[in-house]
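Here are some notes for a colleague going through this model. Please read them with the structure open.

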Amino acid sequence: ARFAMPGWESPVGDYRVWYMNNDTVSNIFGERTPMPYAVFYNRDVAIHFSDNFADMGYESGSHGCTQVKDYQAAKWLYEQLVVGDRVVVY
């Protein structure tokens with residue numbers, strides 16, 4: 001997994017999954033960013049697959065999200081969770 005860029009750290013805390021979507025596309029930062037298998041737990045912050053992980057590696061990062069490198073792993077995690085499940089960020 002890859003985490004947030006400096007200055008965009010994920011908020012630390014104890015959360016609950018509030019929304020899940022396997023075909024999310026974000027446009028929060030003015031671009032269309034695919035976020036397959038997104039599990040949202042704090043407003044717009046989610047755990048999701050990142051399709052640029054292979055090209056960018058760990059040198060890149062998110063605006064608070066946790067990005068998963070392996071598509072099948074992101075899909076598996078998504079299938080294990082339900083709305084209301086606990087997410088702890090530390």
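1. Start with T66, keeping in mind that the model is predicted. Leaving aside residues up to four places away in sequence, T66 touches A1, R2, F3, Y41, A46, I47 and H48. T66 itself sits in strand β5. Its relative accessibility is 15%, so T66 counts as buried, the limit being under 20%.

2. Next, D70. This residue lies in the loop between β5 (66–68) and α2 (71–80). Which backbone nitrogens lie close to a polar atom of the side chain of D70? That of Q72 lies 2.9 Å from such an atom. That of A73 lies 2.6 Å from one. D70 has 43% relative accessibility and therefore counts as partly exposed. H48, one of the residues that T66 touches, can be placed relative to D70 as well. The C-alpha atoms of D70 and H48 are 9.9 Å apart, with the two positions 22 residues apart along the chain.

3. Salt bridges. How many are there? The count comes to two. One joins the side chains of R86 and D14, at 2.6 Å from N to O. This pair links distant parts of the chain: R86 belongs to strand β6 (residues 86–89) and D14 to strand β1, 72 residues apart. R86 is exposed, because its relative accessible area is 52% and the cut-off is over 50%. D14, with a relative accessible area of 47%, is partly exposed.

4. The other salt bridge is between E79 and K75. Their closest N and O atoms are 3.1 Å apart. Where do the two residues sit relative to each other in helix α2? They are four residues apart there, so about one helical turn separates them. Both ends count as partly exposed: E79 has 48% relative accessibility, and K75 has 27%.

5. Aromatic pairs. The structure holds seven of them. W18 and F40 make a tilted pair, with 6.1 Å from centre to centre and 55° between the planes. The pair links distant parts of the chain, 22 residues apart. W18 is in the loop between β1 (13–16) and β2, while F40 is in strand β3. Is each ring residue buried, or partly exposed? W18 counts as partly exposed, at 47% relative accessibility. F40, at 8%, counts as buried.

6. Ring pairs also build a cluster. Which residues belong to it? Y37, F49, Y71 and Y78 are linked in this way. Check these four rings together in the viewer.

7. Last, the surface. W8, I28 and F29 form a nonpolar patch there. Together the three residues have about 300 Å² of accessible area. I28 is found in the loop between β2 (19–26) and β3 (33–42). At 46% relative accessibility, I28 counts as partly exposed, since that value falls between the limits for buried and exposed.

8. To recap for the discussion: T66 is a buried residue in a strand. D70 is a partly exposed residue in a loop. The R86 and D14 salt bridge links distant parts of the chain, and the W18 and F40 ring pair does so too. The E79 and K75 salt bridge lies within helix α2.

Terms used. Residues are numbered from 1 along each chain as its sequence is written. This is a predicted model: local features need pLDDT of at least 70, side-chain atom pairs count only at pLDDT 80 or more; totals for chains, interfaces and linings use all residues. Side-chain values use heavy atoms; hydrogens and water are left out. Patches are made of residues with over 30% relative accessible area and no salt bridge: like charges are joined within 9 Å, nonpolar side chains (Val, Leu, Ile, Met, Phe, Trp, Tyr) within 5 Å. Accessible areas come from the Shrake-Rupley method with a 1.4 Å probe; for residues, only the protein chains shown count as cover. A salt bridge is a side-chain nitrogen of Lys or Arg within 4 Å of a carboxyl oxygen of Asp or Glu. Buried means under 20% relative accessible area, exposed over 50%, partly exposed in between (1.4 Å probe, protein chains only). Rings of Phe, Tyr and Trp (its six-membered ring) pair if their centres lie within 6.5 Å; planes under 30 degrees apart count as stacked, over 60 as edge-to-face and the rest as tilted. A polar contact is a pair of N or O atoms within 3.5 Å; within protein, one must be able to donate a hydrogen and the other to accept it, and residues adjacent in sequence count only if both atoms are side-chain atoms. Contact means heavy atoms within 4.5 Å.
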